[in-house]
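Me: I would like to go through this model term by term. For each label, tell me what earns it.

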There are 4 protein chains.
Amino acid sequence: MANSKKQTVKQQKIIQTAIELFAEKGYANTSTAEIAKQAEVAEGTIFKHYGTKDRLLLSIIVPYLKEIFPSMADEVIGEIMGRNIATFDEFLEGFFTNRIQFFNENKEIFQVLVKEFIYNQELRNELFPYFSENVLLRFGKIFDHFQERGELENIPRERVMKMLFTFIGGFFVSRFVILTDYTITEEEIDDAVRFVMNGLRG
Amino acid sequence: MANSKKQTVKQQKIIQTAIELFAEKGYANTSTAEIAKQAEVAEGTIFKHYGTKDRLLLSIIVPYLKEIFPSMADEVIGEIMGRNIATFDEFLEGFFTNRIQFFNENKEIFQVLVKEFIYNQELRNELFPYFSENVLLRFGKIFDHFQERGELENIPRERVMKMLFTFIGGFFVSRFVILTDYTITEEEIDDAVRFVMNGLRG
Amino acid sequence: MANSKKQTVKQQKIIQTAIELFAEKGYANTSTAEIAKQAEVAEGTIFKHYGTKDRLLLSIIVPYLKEIFPSMADEVIGEIMGRNIATFDEFLEGFFTNRIQFFNENKEIFQVLVKEFIYNQELRNELFPYFSENVLLRFGKIFDHFQERGELENIPRERVMKMLFTFIGGFFVSRFVILTDYTITEEEIDDAVRFVMNGLRG
Amino acid sequence: MANSKKQTVKQQKIIQTAIELFAEKGYANTSTAEIAKQAEVAEGTIFKHYGTKDRLLLSIIVPYLKEIFPSMADEVIGEIMGRNIATFDEFLEGFFTNRIQFFNENKEIFQVLVKEFIYNQELRNELFPYFSENVLLRFGKIFDHFQERGELENIPRERVMKMLFTFIGGFFVSRFVILTDYTITEEEIDDAVRFVMNGLRG
DNA sequence: AATGAATGAGACTTCATTCAT
DNA sequence: TATGAATGAAGTCTCATTCAT
């Protein structure tokens, strides 16, 4: 996951354990004592490195959002969109497949992010800029790209993108946060792409 | 809201205040002391009536789910479906309109429900039976009804209903829990219905 | 000591114990756990009543300064100055005698006040207004009073009052805070009065 | 200041920083972490050199009292008293002028000394011997000297010296520890000398 | 000589809950 | 029914100190 900068072994264990526990029980219901115990570390060590419990949470969420998410997104966009992707259908399928794989590999950290995003209004306000800047903006560009190619014409972009995000958000949150043991099949990806494409085309 | 059964004035204030605070900051981040103070009630009074903080939460959620939600749902189904609704389009529009109005009137309690449902695994496990029994089952019946009438034919019910719920869930959670100041226009309801209908018809 | 308002027995014990320990070891070197133990009270009880350790300190100091000190001072001034006191000598002797008795009865709280006043810059800044308003101002009036009567004439009031306060401050701090077991004799009061009077008359 | 003996640069920075912080906030309210950070030194380095925080404090105070203070005092006494000083007035003026300059140059270390002396009973007990040995004893000799010369006759030495120290203590503590930004004028030195001389002659 | 990661005891504080009134 | 003083377990955080490098 590359949390950058020389992390000690203990730090890695702290972060890893915190992710697991925050994902399972939520930030507010996880005590630093519990993290320390499970990470086999003194409680003081947590605070030496992260200062406050709050900053520990941000140490998990911010790199995930700030470094990893956009870079992966660019990868998705650049690599996939640049070359062989001709239609929005194909793009969507690539997007779902790619993101599903990514979230499967980082299920817990995604759960932390979503749970706290929904639970904690302050955090939500802090994260919103990242969100709109990275996600909304990029998606907008992709939309433009395909519209220039002649696809998705005559569609009120803003209104339709809302529907798209509503579905995508519901999809990932329900599958990865609520139904934690759910397995997404290829068939379901097809269903989702078709549902969205038909919805958009109107 | 009819929380019925000889509630004292103090009890009503406690419940009302608890809903407000739980909605705003979440159950885990709200102390009974804070509720007591804002409800202008002694802390002991809360525990005289509800025993534990946990039971106070359930005193809010359970009636909402158990009594009010299903009864309203039946109303939706019975009243609306029984008579003049001919098409699934019409049903959907009625459903959205009706639920939007309902959640607008009970925004905070809906926020409490969703937040805790997502945050608290134990609560989720407890509530799931209600959910599938009332929501999924009823919707299934409605689906059957319209299929019998010749609509939505040749559609794999289970798979398509998943997509439907994904969108509906995303719609209400994003509009009422995440974007707390959002206002839904009639135009947007139309967009949503069209998006869903097209998606389903595929 | 009349800390006004219905105090519970536990509150009184907390305050009393806190005064003793703060006087002995200083605020910063006294833990709330220690206070709780010696006051035979749960640690939580301290925080129920005073919120923070800091407010506990202020609950000791402020009433002492705000209510008791000025009222006693007025007593000194009014009672003593109004009637039978003809000379500044007599006033000073009355003042020393009265204050020595007072501080003997409240030795520990005086120690707390002085120690924290000297140790803690922030507290000093907060208390300075009270100090100058009550002590300096009143003393100024007394000075004026005696100057109008023809005593202490031709003396630059401000400069000489500085010397007076320097001595008085040194006197009470050294005798009540530093040399905690010291006993002040009547002879020493005479010495002090004479020292000051000669000093002032120049 | 000549803290002599092969001190490394880091040691000097530690001592200097500790003096600054102890003076400002007091020993008890200053953490070794804070000292280390401000001195741009690792926390371990402090403990390599001084073993405990307590010994760091003593490393500041003891040399100041043990080596510098007396030697300077001797200088005052020998140099000044030996030669051209004829009267106690002159001596006092020399003393005030000399000490004011000295404390101005070492304001912070003097603040540390006074604050901890007043705050910390144990330290006070440890330092008392030095104090009476060096300060009281020397002053006694000076007193004798002037009495032999015919000045300050018929004065009960012990009782009057108490008054003298009371004033001097009050003077330096108030000007250098409490009113940290205060500037002492020559005029005020004159006032002080006159006040004391008149007081003593009584 | 110097570092800084790690510690664990203990500090202040919060909180759900109890109970006498 | 209602109060609010009291509790003590548990929470977050601080700190002097140790030790391997």
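Reply: Start with a definition: a residue is exposed when its relative accessible area is over 50%, and buried when that area is under 20%. Keep in mind that this is a predicted model.

Me: Why is Glu40(A) called exposed?
Reply: Its relative accessible area is 58%. The cut-off for exposed is over 50%. Therefore Glu40(A) counts as exposed.

Me: What makes the phi of Glu40(A) worth a remark?
Reply: Most residues other than glycine have a negative phi. Glu40(A) is not a glycine, yet its phi is positive, about 55 degrees. The residue sits in the loop between helix H2 (32–38) and H3 of chain A.

Me: Where is Glu40(B), and is it buried or exposed?
Reply: Glu40(B) lies in the loop between helix H2 (32–38) and H3 of chain B. Its relative accessible area is 59%, and the cut-off is over 50%, so Glu40(B) is exposed. Its phi is also positive, near 55 degrees, in a residue other than glycine.

Me: How do you know that Arg159(A) forms a salt bridge with Asp191(B)?
Reply: The closest N and O atoms of the two are 2.7 Å apart. The rule asks for a side-chain nitrogen of Lys or Arg within 4 Å of a carboxyl oxygen of Asp or Glu, so the pair qualifies. The count between chain A and chain B is 4 salt bridges. The rule for polar contacts finds 16 residue pairs across this interface, both residues at pLDDT 80 or more.

Me: Which elements make up the side of chain A that touches chain B?
Reply: Helices H1 (9–25), H6 (107–119), H7 (121–148), H8 (157–178) and H9 (186–201) of chain A each supply at least two residues. H8(A) gives the largest share, 12 residues. By class, this side has 18 nonpolar, 9 polar and 11 charged residues.

Me: How much area is buried between chain A and chain B?
Reply: About 3400 Å², with carbon and sulfur atoms giving 62% of it. In chain A, Tyr119(A), Met163(A) and Phe195(A) lose the most area to chain B, together 25% of what that side buries. The contact takes 38 residues from chain A and 37 from chain B.

Me: How do you know that no contact joins chain A and chain C?
Reply: Contact needs heavy atoms within 4.5 Å, and no contact joins these two chains. Their closest C-alpha atoms lie 20 Å apart. No contact joins chain B and chain D either, and there the closest C-alpha atoms are 31 Å apart.

Me: What makes Lys10(B) a polar contact of DNA strand F?
Reply: An N or O atom in the side chain of Lys10(B) is 2.6 Å from a phosphate oxygen of the strand. The cut-off is 3.5 Å, so the pair counts as a polar contact. His49(B) reaches a phosphate oxygen of strand F with a polar side-chain atom, at 2.6 Å. Ala42(C) uses a backbone N or O atom, 3.1 Å from a phosphate oxygen of that strand. Helix H3 (43–50) of chain A, of chain B, of chain C and of chain D each give two or more residues to the surface near DNA strand F.

Me: How many residues surround DNA strand F?
Reply: There are 32, and the closest are Lys10(B), Thr45(B), His49(B), Thr45(C) and Phe47(D). Sugar and phosphate account for 63% of the strand's atoms that come within 4 Å of the protein. The surrounding residues divide into 6 nonpolar, 18 polar and 8 charged.

Conventions. Residues numbered from 1 in each chain as written. Chains lettered and ligands numbered in written order. Predicted model: local features only at pLDDT ≥ 70, side-chain atom pairs only at ≥ 80, totals over all residues. Heavy atoms only, no water. Near = heavy atom within 4 Å. Polar contact = N/O pair within 3.5 Å; in protein donor to acceptor, adjacent residues only side chain to side chain. Helix = DSSP H or I, 4+ residues; strand = E, 2+ residues; numbered from the N terminus. Nonpolar A, V, L, I, M, F, W, Y, C, P; charged D, E, K, R; others polar. Buried area = accessible area lost by both parts, 1.4 Å probe. Buried < 20%, exposed > 50% of the residue type's maximum accessible area, 1.4 Å probe, protein only.
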